[in-house]
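These are my notebook entries on a structure that is new to me. I set down each point as I looked it up.

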Amino acid sequence: MSTLLEPFDYGFFRHAILVATLAGALCGLIGVYVVLRGMSYIGHGLSHAIFGGAVASYVVGVNVIVGAGVWAFVSALMINKVARRRTIGADAAIGTITTASFAVGLILVSTYRSFVVNFDALLFGNVLGVTQADVWLVAGVGMFAGVVVFLGYRQLLFSTFDPEVAEVSGVNTGRADMLLAITLAAILASTMNVLGVTLIAAVLVIPPVTARLLTDSFSRMLWISVGVGTVCGFAGVYLSYYLDWASGPAVVVTAAAVFAVAYVVSSFRRRLPAAAADAHVG
Amino acid sequence: MNDLISLEKVTYRYGREPVLVNVDLSISPGQFVGIVGPSGSGKTTLLKAIAGTLDPIAGRVVRQPDLAVGYVPQVETVNWYFPIMVREAVLMSRVNGRLVPWPSKADLREAERVLERLGLEGLGGRHIRELSGGQQQRVFIARAMLRNPKLLLLDEPTSGVDVRTRHDVMHVIHELHHEGLAVVLTTHDLNGIAAHLPRLVCLNREVIATGRPGEVITPEVLERTYGAPLEVLSHGGMPVVVEHYPETIEPSIEEAPARAKVVPLREGHHEHPA
């Protein structure tokens with residue numbers, strides 16, 4: 001038992017596992033909207049875009065996380081603006097803006113070689129870099145995201161399922177989109193230390209799609225996705241301690257394993273009624 | 001003002017292209033109006049203009065204060081893989097006035113009442129994909145009805161459905177209209193739907209004609225609306241539109257000997273084939 005609890009003796013690990021668990025829950029929460037709005041690629045793109053924002057913020061002496069968050073939010077708005085011109089698809093807009101932003105980050109890294117910050121940690125996640133301040137930051141973002149989803153549950157659901165009718169029914173879909181973009185940007189910026197910008201997208205997508213395999217109800221999908229994200233964040237960082245893996249990949253691999261199990265379970269569940277129906281007909 | 005809504009010389013455009021030009025239209029309480037026209041004629045835009053989600057670039061829209069509008073979208077636009085149960089879909093209409101995510105007991109009771117009213121009792125816990133075409137359409141009518149609207153807007157409520165489902169859906173809409181609801185719907189179906197409605201608007205970016213089916217379903221109006229000659233016959237006092245193709249499609253050599261074959265109904269045998 002003491003061996004199992006050994007990592008918790010270290011302050012850095014306690015911070016890291018707390019942040020990863022909260023990050024998993026947050027990504028599971030916001031990921032439901034990201035996936036159901038067909039925005040999985042935007043999650044992938046924005047997580048890359050914030051790398052550019054983080055490096056640029058460091059260069060100009062602004063708080064890296066705040067800078068990355070603002071950068072992600074502005075990128076999301078730009079994608080929205082470009083994608084509304086129907087001649088350019090949303091996927092192309094995401095590809096152009098976020099890859100350009102990532103490239104800006106790489107150019108800055110190669111130009112200013114005197115960095116004292118290790119940006120590899122930003123790319124792939126690193127538990128060693130997590131501080132008490134990060135814990136408070138992610139907890140604060142978690143509170144904000146929780147309040148947004150709790151109070152805006154109906155508006156967000158309606159505008160995700162059927163934006164045009166939502167608007168007729170009195171939902172301000174523009175405000176709902178904006179709130180979602182702000183929340184997503186805040187989550188990505190606050191969790192990039194532990195998950196890594198190249199891997200956040202997977203944590204954003206895998207829990208909701210796993211939940212989707214297990215339920216046909218929106219409210220249940222939200223709960224299951226948060227649960228899967230929470231468990232994967234915790235288990236991933238815990239395993240990374242013993243296996244000496246980077247924290248981001250460990251969380252993603254754990255989530256992928258849970259997805260595989262859910263896939264098999266849902267396949268069996270789908271076959272059972274069909275088999276029962278065949279037996280009945282036969 | 002007695003009209004629920006009145007559009008006065010309104011013009012809408014997407015980008016540089018005008019979609020509706022100088023449209024005048026008013027909807028009174030309890031009225032039933034069908035909008036017909038070819039694809040791209042602005043039918044859905046006109047419906048959205050009535051719903052109040054578009055701002056005209058010219059003209060003005062006058063609506064009764066606090067006019068509640070129910071909107072039923074084309075079922076083709078629905079994402080059937082979205083994780084949503086029938087009850088969840090219907091309760092979406094109760095979007096404002098409550099801070100917590102879960103519905104109140106009164107909202108749940110009201111949703112069950114509307115589901116029962118539309119023949120969907122007991123289906124609240126089913127996924128929307130699991131329903132028949134007619135039931136799916138009724139779910140979205142139920143969602144609109146939960147807003148207690150005075151005006152119900154339906155965008156091609158019978159497109160892509162079989163004859164039986166079309167009758168089923170139209171029966172529900174007629175019942176709601178008889179209870180005093182004003183209804184505006186768009187349709188491509190001139191014979192199956194439009195000819196049976198009390199008032200029609202023929203649209204092709206501008207209003208070509210408006211009036212009773214017997215007045216507007218004429219070869220002249222239809223040619224101006226659709227840009228193609230259409231013959232109109234009369235059957236039992238109702239107009240019937242006949243389409244003429246420029247060429248008759250001849251059967252191929254293999255199909256040539258085909259004659260009409262009607263499989264006789266076996267007496268006392270009504271079971272579905274296994």
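**Entry 1. A residue in a loop of chain B**

Where in chain B is the place of B:N148? I worked from a predicted model throughout. I found B:N148 in the loop between α4 (133-145) and β6 of chain B. I noted that its phi is positive, about 50°, although B:N148 is not a glycine. I then asked whether B:N148 is buried or exposed. B:N148 has 12 C-beta neighbours inside 10 Å, and a residue with 12 or fewer is called exposed, so B:N148 counts as exposed.

**Entry 2. B:K9 and strand β1**

I looked up B:K9 next, which lies in strand β1 of chain B. B:K9 is not a glycine, yet I read a positive phi of about 50° for it. I counted 12 C-beta neighbours inside 10 Å around B:K9, which therefore counts as exposed.

I followed strand β1 (residues 5-14) of chain B to its partner β4(B): five bridges join the two, and they run antiparallel. I recorded one pair in particular, in which B:E8 has B:R60 in β4(B) as its bridge partner. How many of the six residues of strand β4 (residues 58-63) of chain B are buried? I found that the count is zero, and I entered the strand as hardly covered.

**Entry 3. B:N22 and its contacts**

I located B:N22 in strand β2 (residues 17-27) of chain B. Which residues does B:N22 touch, not counting those up to four places away in sequence? I listed B:K9, B:T11 and B:E206. B:K9 is thus the residue of strand β1 that I had entered above. I found 15 other C-beta atoms within 10 Å of B:N22. A count of 20 or more would make a residue buried and one of 12 or fewer would make it exposed, so B:N22 is partly exposed. I also took one distance from B:N22: its C-alpha atom is separated by 31 Å from that of B:M145, and the two residues are 123 apart along the chain.

**Entry 4. The domains of chain B**

I turned to the domain assignment of chain B, which gives domain 1 (1-67 + 150-274) and domain 2 (72-149). I asked how many residues each domain brings to the contact. I read 16 residues from domain 1 of chain B and 12 residues from domain 2 of chain B. On the side of domain 1 of chain B that touches domain 2 of chain B, β6 (151-155) and α5 (163-178) each supply at least two residues. The largest share of that side comes from β6(B), with five residues. I sorted the residues of that side into nine nonpolar, three polar and four charged.

**Entry 5. Chain A as a whole**

I counted 13 helices and zero strands in chain A. I took the span of its C-alpha trace along the principal axes as about 75 × 55 × 30 Å. The radius of gyration of chain A is 20 Å, close to the 19 Å from the globule rule for 282 residues, so I entered chain A as being as compact as a globular protein of that length. Buried residues make up 50% of the 282 residues in chain A. Of the contacts in chain A with a separation of 6 or more, I noted that 74% are between residues 24 or more positions apart.

**Entry 6. Where the chains meet**

I found 24 residues of chain A in contact with 18 residues of chain B. Which helix of chain A gives the most to the side that touches chain B? I identified α8(A), with six residues. The elements of chain A that each supply at least two residues to this side are α7 (132-151), α8 (153-161), α9 (163-168) and α12 (218-243). I divided the residues of this side into 12 nonpolar, six polar and six charged.

**Entry 7. The largest nonpolar core**

In soluble globular proteins, nonpolar side chains tend to be buried together. I looked up the largest nonpolar core here, which has 163 residues. Those with the most contacts inside this core are A:I50, A:A72, A:V203 and B:L153. Helix α2 (residues 11-36) of chain A gives the most to this core, with 17 residues. I saw that the core draws at least three residues from each of domain 1 and domain 2 of chain B.

I closed with B:L153, leaving aside its neighbours within four places in sequence. Its contacts are B:L47, B:I50, B:A51, B:V69, B:G70, B:Y71, B:V72 and B:V184.

Notes. Residues are numbered from 1 along each chain as its sequence is written. Chains are lettered from A and ligands numbered from 1 in the order in which they are written. This is a predicted model: local features need pLDDT of at least 70, side-chain atom pairs count only at pLDDT 80 or more; totals for chains, interfaces and linings use all residues. Two residues are in contact if their C-beta atoms, placed from the backbone, lie within 7 Å. Helices (H or I, at least four residues) and strands (E, at least two) are DSSP runs, numbered from the N terminus. Ala, Val, Leu, Ile, Met, Phe, Trp, Tyr, Cys and Pro count as nonpolar, Asp, Glu, Lys and Arg as charged, and the others, Gly among them, as polar. Domain bounds come from an automatic or database domain assignment. Two strands pair if DSSP finds at least two bridges between them. The radius of gyration is taken over C-alpha atoms; the globule rule is 2.2 Å times the number of residues to the power 0.38. A nonpolar core is a set of buried Ala, Val, Leu, Ile, Met, Phe, Trp, Tyr and Cys residues joined through C-beta atoms within 7 Å.
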